Amino acid sequence: MKVPTRLFNKGVITQNEPTSATVGHTRGGLKRSHLHIKKGDMFGVVVVGIGIAGRVRIRDLLAPLPSSATEKMSVKGFVSRRTLGDEQGVKQISVEEAVEREDIQVAMVCTENTFHEEHIRRFLEAGKHVCVEYPMTLNYKAAAELHDLAQQKGLVLHEEHIELFTPDFKQLKKDVAGKTLEDGSLHFTGGPLKNDFGFLAFSGIARLTWLVDLFGELSVSSATMVEDKEKNYMKMTVQLQTEKQKPITWVEERGPNLPRVKNINFRFDSCSMTELPNAPREPVGLFMQDLVLFGQKLLGQLPPAQLQAEQKRVLHCLQLAERIQQLSKTTA
């Protein structure tokens with residue numbers, strides 16, 4: 001299941017340029033943002049949504065990682081549907097103020113999944129860069145449109161994927177490298193989800209992203225959903241195939257008292273892996289690692305090929321999730 005490849009110019013804007021504006025990527029190449037961030041200037045940030053992720057974002061913005069791109073970001077306020085006091089010394093502002101203020105160039109969207117699309121669109125249309133928690137949207141078409149909008153305006157649109165920064169995944173990716181997959185499975189269990197998290201293939205897109213990052217682009221063979229609303233239980237079973245026609249089963253199971261666990265079983269031509277590797281905890285937190293990546297995008301520090309590959313993966317996973325939802329509805 002391919003997604004359109006969006007074109008990137010081979011040039012990269014560096015911090016050494018005398019007046020380096022932030023950059024976005026268009027179909028024709030690099031496009032400078034109209035925000036005109038000059039060398040030495042800070043990116044003013046508003047955090048939209050104050051749950052666990054929103055509070056962590058504020059914490060990290062207030063204590064940036066030394067000698068990293070995060071030092072170029074400064075939190076200016078937060079937005080919440082609730083009326084709250086200051087959060088970690090940061091004042092609450094309205095979304096209208098956040099959109100209009102010229103000293104705010106970046107929005108970090110940490111709301112419930114169902115609200116992501118409207119917030120992304122509003123801030124992009126106002127000329128703000130956007131970082132959003134996964135999933136970006138709850139349908140593929142909207143995500144593709146938002147990427148196009150960001151590119152047209154020369155803005156960065158970044159979808160957070162902290163699961164790719166976990167030590168166990170980093171080690172797993174090293175262990176898998178160079179091996180030929182024969183078949184595999186990934187079974188995730190966790191507690192019940194609220195309705196505003198969306199369909200399981202979207203709320204669980206972190207697991208799908210793992211599989212795509214490990215084994216390349218996938219296609220969907222079949223998908224089924226079992227649901228018991230009275231018991232608040234759901235189980236989605238998806239049959240995937242790699243480009244070499246190797247089968248992978250992805251199971252996403254949610255219900256009361258289910259532990260948050262990922263179980264793997266990957267069979268390769270030379271060995272099998274049935275447990276996630278043990279890897280030492282890293283000194284830099286997952287959200288901070290993601291914030292560094294976002295900051296590098298804002299400063300134009302990443303090669304276009306890396307940006308293109310990431311965007312292609314993000315859209316591919318959202319397209320897979322949508323196809324899984326379509327197939328699951330027909331078998332429910």
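Helices and strands on this tour are DSSP runs numbered from the N terminus, a helix being H or I over at least four residues and a strand being E over at least two. With that naming in hand, we can start clicking. Please keep in mind throughout that this is a predicted model.

**The whole chain**

Begin with the protein chain in cartoon view, where the secondary structure comes to 9 helices and 13 strands. The chain has 332 residues, and 52% of them count as buried. Switch on a surface if you like: the accessible area is about 15,400 Å², with carbon and sulfur atoms supplying 49% of it. If you draw contacts between residues at least 6 apart in sequence, 72% of them join residues at least 24 apart.

**Stop 1: the cis peptide and helix 4**

Select Y134 and P135. The peptide bond joining Y134 and P135 is cis, with omega at about -10°. P135 belongs to the loop between strand 6 (129–132) and helix 4.

Follow the chain forward to N139, at the start of helix 4. Here a side-chain oxygen of N139 comes to within 3.3 Å of the backbone nitrogen of K141.

Now select the helix itself, residues 140–153. How far apart are its end C-alpha atoms? They are 20 Å apart, and this agrees with expectation because 14 residues at 1.5 Å a residue should span 20 Å. Colour helix 4 by accessibility and you will find a mostly covered element, with 10 of its 14 residues buried. Among the buried ones are Y140, L146, H147, D148, L149 and Q151; the alanines A142, A143, A144 and A150 are also on that list. Just past the end of helix 4, G154 takes a positive phi of about 70°.

**Stop 2: where helix 5 meets helix 7**

Next, show F169 and W210 as sticks. The ring centres of F169 and W210 are 4.9 Å apart and the planes make an angle of 35°, a tilted aromatic pair. F169 lies in helix 5 and W210 in helix 7 (residues 205–215), so this pair ties together parts that are 41 residues apart in sequence. Are these two residues buried or exposed? F169 counts as buried at 2% relative accessibility, and W210 counts as buried at 3%.

Keep W210 on screen and add K262. K262 sits over the face of W210, 5.0 Å from the ring centre.

Then add K173, which is found in helix 5 (residues 167–176). K173 and W210 are 37 residues apart along the chain, and their C-alpha atoms are separated by 9.2 Å. Which residues does K173 touch, leaving aside its neighbours within four places in sequence? K173 is in contact with D213 and L214. K173 is partly exposed, at 38% relative accessible area.

**Stop 3: more rings**

The chain's count of aromatic pairs comes to 4, so there is another group to visit after F169 and W210. Select F215, F266 and F268, which ring pairs link into a cluster. Within this cluster, F266 and F268 have ring centres 6.5 Å apart and planes at 65°, so the pair is edge-to-face; the cut-off for that label is over 60 degrees. F266 is buried at 1% relative accessibility, and F268 is buried at 4%.

For another charge over a ring, go to F188. R207 lies over the face of F188, 3.6 Å from the ring centre.

**Stop 4: T189 in strand 8**

Move along to T189, in strand 8 (residues 181–190). T189 is buried, with a relative accessible area of 11%. What does the side chain of T189 reach at 2.6 Å? It is the backbone oxygen of P259. Expand the selection to see what else T189 touches beyond four places in sequence: E253, L258, P259, R260 and V261.

**Stop 5: two positive phi values in loops**

Finish with two backbone spots. S67 is not a glycine, yet its phi is positive, near 60°. You will find S67 in the loop between helix 1 (52–62) and strand 4 (73–79), where S67 is exposed with a relative accessible area of 75%.

Q88 is not a glycine either, and its phi is positive at about 55°. Q88 is placed in the loop between strand 4 and helix 2 (95–100), and Q88 is partly exposed at 37% relative accessible area.

Technical notes
Residues numbered from 1 in each chain as written. Predicted model: local features only at pLDDT ≥ 70, side-chain atom pairs only at ≥ 80, totals over all residues. Heavy atoms only, no water. Expected span 1.5 Å × (residues − 1). Buried < 20%, exposed > 50% of the residue type's maximum accessible area, 1.4 Å probe, protein only. Polar contact = N/O pair within 3.5 Å; in protein donor to acceptor, adjacent residues only side chain to side chain. Contact = heavy atoms within 4.5 Å. Phe/Tyr/Trp six-rings, centres within 6.5 Å; stacked < 30°, edge-to-face > 60°. Lys NZ or Arg CZ within 6 Å of the ring centre and 35° of its normal. Areas by Shrake-Rupley, 256 points an atom, 1.4 Å probe, with all protein chains shown as cover.
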